[in-house]
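Dear colleague,

I am passing on the structure we spoke about, and would be glad if you could look through it alongside the notes below.

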Amino acid sequence: MVMVLFVIGFCSVLGAVDNVAVLNAMPGILTDPAQAWDWYDMQVLYNLYDPLVYPTPEGSIRPHVALSWEPVDGDLAHWKFTIMAGYLFHDGTELTAEDVAWSMNRIKAMGGGGVMGDVTATATDFYTVDFVLGVPNAVFPETLTQFFILNEDLLMENLADGDYGENGDYGNAWLQENDAGSGPYMMTHNSPGDRLDAARFEEYFLGWPGTDNPDEVPIDQLIFKEESQFSTLLLLLKSGGLDVECDGGWSLPQLEEIDKTEGLRLNYVWSENTTVSINTTRSPTDDEHFRKAILYAYDYEAVVEPYLPFGAGEGGTYLSRMPGFVPIEPQPRKKDLDKARAELALSKYADKLDEIPPIIAHFCAGLQNEEDIFLQLQADLDELGIKVEVAGPPWSQYGSEAATAEGTPHLTIWVFAPQYPTPDFYTYGMYHSPNWIYSAHWYFGDKEILQLLEQTRATLKFEDRIPLYEQVQPMIASHALAFFPYERQKAFPSQAYLIGPFEVTEMVGPNVNMRNWRINLTLKEELRG
Amino acid sequence: MVKYISLRLFQSIFVLFGLSLLIFFIARVMPGDPAREALGNYATQEQVEALQKEMHLDRSFPVQYYFWLRSLLQGDLGKSVVTRRPVTADLKQFIPATLELILFATLISLVIGQVTGVLAGYFRNSWFDGLSRLVSYLGIATPSFVVAIFLLFIFSQLLGLAPSIGRIPLMMKPPPTITGFLVLDSLIAGRPDIAGVAVMHLVLPAISLAVIHIAQEGRITRSSIVENLQKDYITLHQVHGIKTSRIVFKYLLKPSIIPTVTVIGLDFAFLLSNAFLVELVFMWPGFSRYAVNAMFHKDLNVIVAVVLIIGLTFALVNLLVDVVITYLDPTIRIQRRGG
């Protein structure tokens, strides 16, 4: 019987479904915006939902669901947003201010929305929403690039028992397998841990503009297949089983192989800033000169050179493509043992290098490029007589270690693309206390830096903040709170018949908004048959 | 027999209780904060502490265990911090996928292992025996994921004869879920084409898992056959001129298969927890992959549930093996009756 079924299966002719793009996603996609927080959730959410505002390639925001916004009477803790009229959800009902306010309050009730801070929302009329913040924040609108709006009526009709009183579970269980969005694609199937399917929403408010090439058409169906093993993904790319790979965490040999493979393309999209945070509360990295010695001893060229053909460049406090970027010390980015020794001689540990404990350097398990960064550092600091112990615990341990100053090793690596498009993510987010990025230096507490960061959040106009960002970067660098081996543009391999993204931002999600891509079916037939 | 089975099941409860205590403790002393893992980088410390309280992580170990046990007795295994679904819903989705795979692998290993074992044993010291010995050693020495990658490369990528990933093609709509076994659900839905495609998708991963067990079971069967061939009653049947096929199938196979049945049972339970690497290679959405993912994310509820499921499987499979052996070996039946 098994043999018979095998033969039937082998002979089965499947109807060709050409207009489909298969993408990968990390296992465990969270489709509820109140729970989703990481980039691999966002890449799906940007397809299923709409954010209130949209990030721009220039590192700012533009109207999206919200047409305009302003602080009420100049109060940066009170914002009024006006939303577009006639904006439709997938079920045909209109998206109103009530949906916006409810979605925000839902996120807060469910414990999500970290980057947006403490916010309460109220719909003051059909198309106007008031947001009241716990703390004044000029950057608040920028943080709404990951605030996705849900269909309140639909979710309230599908409540299950939960922890939120009369709101039950806020529709969380239903939302995992059903659609309640307004985005360019509608969820049609979700099997958590396996795959998520979505179909094009033809009535999407922004429409589906064509390109100059009539063969390039919008993608009708998406399949997010949950898989994170790069060896498997490479096999799938080569065999045509995967159309776009959206993680970008390829090793160098894999990038080189993809680059040489006919029919595949490397798309350089979002950038990541590689930051090695230095714990300033632990001996010996509590000494500023000691930290500077590390910065000067590091062989930046050795680690960045292999990645230069693949979009790597000099790192800094934030991404070089963001407005107001300023190169910081050390300049030039080369190993300088003389300067390193000079700094070491000024440190309080100069005469007792033999007595200091080894520097503990942790990276997240499974990330070869992070391990390479620390292995290079280990070799470099060995030349100064400083021992470094390198280890790669799994993420759950790595994350909880870094939650407190006492638990954090001397050195940890964080590779972040911004969660919202402005330098505030890397400056206030990482260097002001208290904050929500526990990998940062809020415990350093330099008054001058803190005041400058607070000033950025008190400055309404984006262009007026840029000089402040230009000032704060060298100030942060002068204390050697971190060093930045490189920044890397993440490369998304795709099949050559997938064209995009037409607009590249520094944030992940918008780049994998598949409305931003087209498929060339003629080319697909030629390449894949 | 009923009394025997009931007693074994009763004993299993204590085993599972002890297992749950052990894994509950181990999971909680492992480094990592499940609340932070669930909420992510951008949650405030207050939010993390609130979730820790909700998960009872701020309470002592015995209190945490009490809450967990109370939920378990109500049929609630808690929620997964990764999928954010009840663990029971996750298990309902992932277990059938792995069960279908390992049942298929077991079937393959049983058929091929027994055939090669019987032939190698009956024609001992022949070229076939030597060849099967060599192949067996190779099979035992080669990890299943290496076999998986090799098969994938040859049959899927180079020759294009077999599919590479998943349970059915991505573009194919699966049948309505009744049992979770895709082949069975397809046949129930009157779709033999989907069933056939599902079988095609099963072949490579099942063979990958089966290779080591084919080798193992083949060798054990061969040894049993050789041993039983030397028994007097076989010699008597041969002297009486009874056909070889009758001797093999009626008189030799049954006693020779007893050691293999024990091993098959253990292998089945072993596969449930160790199919991870093969599931990874073939992107098989199964229980083993789900379990390993839970370990990496310190998904406490899932870790405990997974270990209990595996423990329960071992207990039940061993019980089934003992019952089957009792059927195969009448001397055991007589001993149990106190004869």
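What follows is a short account of the overall build, the domains and one helix.

This is a predicted model, in which local features need pLDDT of at least 70 and side-chain atom pairs count only at pLDDT 80 or more, while totals for chains, interfaces and linings use all residues. Residues are numbered from 1 along each chain as its sequence is written, and chains are lettered from A and ligands numbered from 1 in the order in which they are written.

Chain A has 18 helices and 20 strands (DSSP runs, H or I of at least four residues for helices and E of at least two for strands, numbered from the N terminus). Along its principal axes the C-alpha trace of chain A spans about 75 × 65 × 45 Å.

An automatic or database domain assignment divides chain A into domain 1 (50-152), domain 2 (183-263 + 496-528) and domain 3 (271-488). The C-alpha centres of domain 1 and domain 2 of chain A lie 29 Å apart, and their contact (C-beta atoms, placed from the backbone, within 7 Å) takes 9 residues from domain 1 and 11 residues from domain 2.

Helix α3 of chain A (residues 97-109) has 13 residues and reaches 18 Å from its first C-alpha to its last, close to the 18 Å expected at 1.5 Å a residue, the expected span being 1.5 Å times one less than the number of residues. Elements in contact with the buried residues of α3(A) (buried: 20 or more other C-beta atoms within 10 Å of the residue's own, placed from the backbone) include β5 (75-83) and α5 (152-156) of chain A. Among those buried residues are W102(A) and M104(A). Just after α3(A), G111(A) takes a positive phi of about 85°.

With best wishes

How values were computed:
Two residues are in contact if their C-beta atoms, placed from the backbone, lie within 7 Å. A residue is buried if 20 or more other C-beta atoms lie within 10 Å of its own, exposed if 12 or fewer, and partly exposed in between; C-beta atoms are placed from the backbone.
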